[in-house]
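Reader: I'm new to this and would love a close look at just one part, the place where the two chains meet. Could you walk me through it?

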Amino acid sequence: MGWSVKHKLGLVAVAVALIALPFVLAMAGTAWVRITNFAVLFILLSLGLNIVVGFAGLLDLGYVAFFAVGAYVYALLASPHFGLHLPFWVILPIGALVAGLAGAVLGAPTLRLRGDYLAIVTLGFGEIVRIFMNNLSAPLNITNGPKGINLIDPFRIGDFSFATTAGALSGPIKYYYFLLIVLLAVIVINRRLQDSRIGRAWVAIREDEVAAKAAGIDTRNIKLLAFAMGASFGGIAGGMFAAIQGFVSPESFILNESIMILAMVVLGGMGNIWGVIAGALLLSFMPELLRYTVEPAQKALFGRMLVDPEVLRMLIFGFALVLTMRFRPAGLWPETRHRRELDADRK
Amino acid sequence: MTNVLLEARGIGKRFGGVLALKDVSLTIRCGEIYGLIGPNGAGKTTLFNVFTGLYPRDGGEVEFAGKPLQLDSPHRVAAAGIARTFQNIRLFGNMTARENVMVGRHVRTRAGVFGAILRSRAEREEEAAIRRRADELLHYVGIADRADDLARNLAYGDQRRLEIARALATEPQLLALDEPAAGMNATETAALRELIEGLRRDGVTVLLIEHDVKLVMGLCNRVAVLDHGEKIAEDVPEVVRANPKVIEAYLGTSAH
Ligand SMILES: Nc1ncnc2c1ncn2[C@@H]1O[C@H](COP(=O)(O)OP(=O)(O)O)[C@@H](O)[C@H]1O
Ligand SMILES: [Mg+2]
């Protein structure tokens with residue numbers, strides 16, 4: 001596999017841009033670095049969900065549950081709530097594991113379901129998890145109910161804390177770099193999975209489950225694997241979310257979030273990693289951009305506010321989604337083209 | 001007397017009120033091409049689906065290669081050494097021809113999630129071997145030049161071949177073909193016939209459902225006839241052809 005000079009230069013340029021990005025954003029305000037961090041979290045979630053929906057073709061409307069599991073695992077093991085303060089590099093793998101188990105638990109009873117039925121069951125699962133978080137405060141106070149868990153530890157390596165500012169390195173910028181590294185790892189993992197024996201089995205099941213069975217694939221195990229893998233990514237993202245926010249409550253894990261993540265996957269192009277990333281970026285940034293432009297634009301045009309910015313923002317957002325799905329039903333950047341590229345790469 | 005590869009005893013299957021298979025017993029010997037014929041709705045495909053674990057059966061046992069065959073899950077049947085094609089071609093349409101065959105190697109390979117993520121040496125070697133084998137099989141069935149095409153873009157005859165290649169990738173001892181010549185023109189059928197004869201030469205036992213009587217009679221070592229879910233004859237082609245019951249049930253009712 002030879003990398004051309006052009007390829008290498010492009011790679012270096014992207015790397016430099018990604019490293020410089022937070023400082024450029026910080027000039028516009030630290031809020032933009034935070035927004036970017038959340039966008040990266042959503043990319044991670046979308047890539048996780050993409051394994052289930054995009055690769056294996058299993059519709060999951062309760063994906064945010066795994067994000068919640070990861071977040072609460074982190075919150076419980078690194079906050080004054082139980083007085084536990086484990087380091088993040090211990091908790092994140094635990095969160096991935098617990099979320100992965102939760103994925104298998106959701107997967108097991110739903111193996112025979114497909115399409116709409118599967119969507120309904122997973123939707124219910126997502127709600128159940130949220131309701132548990134809301135109510136597991138008595139008789140034994142595990143989750144602290146709707147009030148959520150406060151004062152969650154930030155990431156720390158020795159004396160180096162991710163929450164404090166050191167010179168030009170603000171807290172959000174530190175997290176940005178950490179998230180970037182995790183994102184790179186997740187992209188590599190996803191590409192390798194997609195291009196492996198397991199990845200082929202996922203696609204085969206998506207394409208024709210009966211033929212996949214007859215061709216010798218243990219569809220039960222392979223589907224469970226998809227649920228568990230996808231969920232574990234959600235768990236990792238959840239842990240980072242808890243640390244960055246310093247606070248978790250059941251409110252963050254509502255059905256809307258599941259739908260938003262699914263929209264990112266579908267909009268970008270199910271099954272294609274780069275498409276999914278594009279979808280997640282677009283849907284994360286567009287509302288924010290609109291938030292910052294809708295109000296000034298109206299003032300400039302009409303001299304006063306005609307429509308509440310929040311309403312208009314959601315309207316434009318929804319309209320853009322409908323248009324995309326109308327004119328690019330397979331997503332902005334669908335999968336097949338990518339497949340071809342991959343094949344060419346390998347030769 | 002040649003070795004017995006598959007022995008089915010008393011297979012029954014009903015769909016609600018329809019008795020699709022009635023106490024069907026048959027014996028397939030190693031290395032032969034065993035034909036299964038009968039009018040439409042006789043139960044041929046149903047018997048395939050029972051043999052390959054896709055439909056639960058209502059009675060009967062199957063012994064394969066001297067061992068009882070677990071019929072409860074298709075992937076176990078594939079692992080035991082039975083592979084099949086479908087009457088209405090079932091390929092993975094959005095995967096390339098090569099990838100379709102690579103999927104067939106799944107049951108004979110072992111790389112898991114961690115191997116894939118770490119790209120361990122064992123995983124890379126296995127992946128390369130899977131790919132090599134897939135290319136060999138595409139060549140074997142005569143569609144090597146189509147390797148990078150999406151399966152759904154292949155010509156009809158090539159799709160049939162691809163399905164056979166995918167089945168062969170599982171290293172079957174018994175290859176079950178469900179009407180492979182259906183919808184083929186004369187040239188394609190002749191090429192298919194050569195392919196199936198080649199399989200026999202290479203030691204693969206073939207169970208062949210076919211509507212084209214000429215093809216079956218010319219190709220098969222032995223033929224069984226199903227009618228209304230019952231086996232009414234089983235013998236060498238010449239004898240079956242002369243059997244009055246067969247003439248009445250099958251040849252009499254069809255245009256052939
Ligand atoms: N999945 C099914 N559900 C209900 N009836 C079926 C099913 N599959 C086959 N049958 C019935 O079983 C009988 C045998 O069908 P089949 O095995 O497809 O015949 P053949 O392949 O010999 O043409 C037919 O009466 C058919 O209608
Ligand atoms: Mg049939």
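Author: Sure, let's start with polar contacts, meaning pairs of N or O atoms within 3.5 Å; within protein, one must be able to donate a hydrogen and the other to accept it, and residues adjacent in sequence count only if both atoms are side-chain atoms. Between chain A and chain B, nine residue pairs are in polar contact, both residues being at pLDDT 80 or more. On the chain A side, H7(A) gives the most, with seven residues; helices here are DSSP runs (H or I, at least four residues), numbered from the N terminus.

A word on the ground rules: this is a predicted model, where local features need pLDDT of at least 70, side-chain atom pairs count only at pLDDT 80 or more, and totals for chains, interfaces and linings use all residues. Residues are numbered from 1 along each chain as its sequence is written, chains are lettered from A and ligands numbered from 1 in the order written, and side-chain values use heavy atoms, leaving out hydrogens and water.

Now the charges: the two chains share two salt bridges, each a side-chain nitrogen of Lys or Arg within 4 Å of a carboxyl oxygen of Asp or Glu. Arg200(A) makes a salt bridge with Glu127(B), with the closest N and O atoms 2.6 Å apart.

Zooming out, 31 residues of chain A are in contact with 38 residues of chain B (heavy atoms within 4.5 Å). About 3200 Å² is buried between them, with carbon and sulfur atoms giving 58%; that's the accessible area (1.4 Å probe) that two parts lose on being put together, summed over both. In chain A, Arg192(A), Arg197(A) and that same Arg200(A) lose the most area to chain B, together 24% of what that side buries.

Key. Helices (H or I, at least four residues) and strands (E, at least two) are DSSP runs, numbered from the N terminus.
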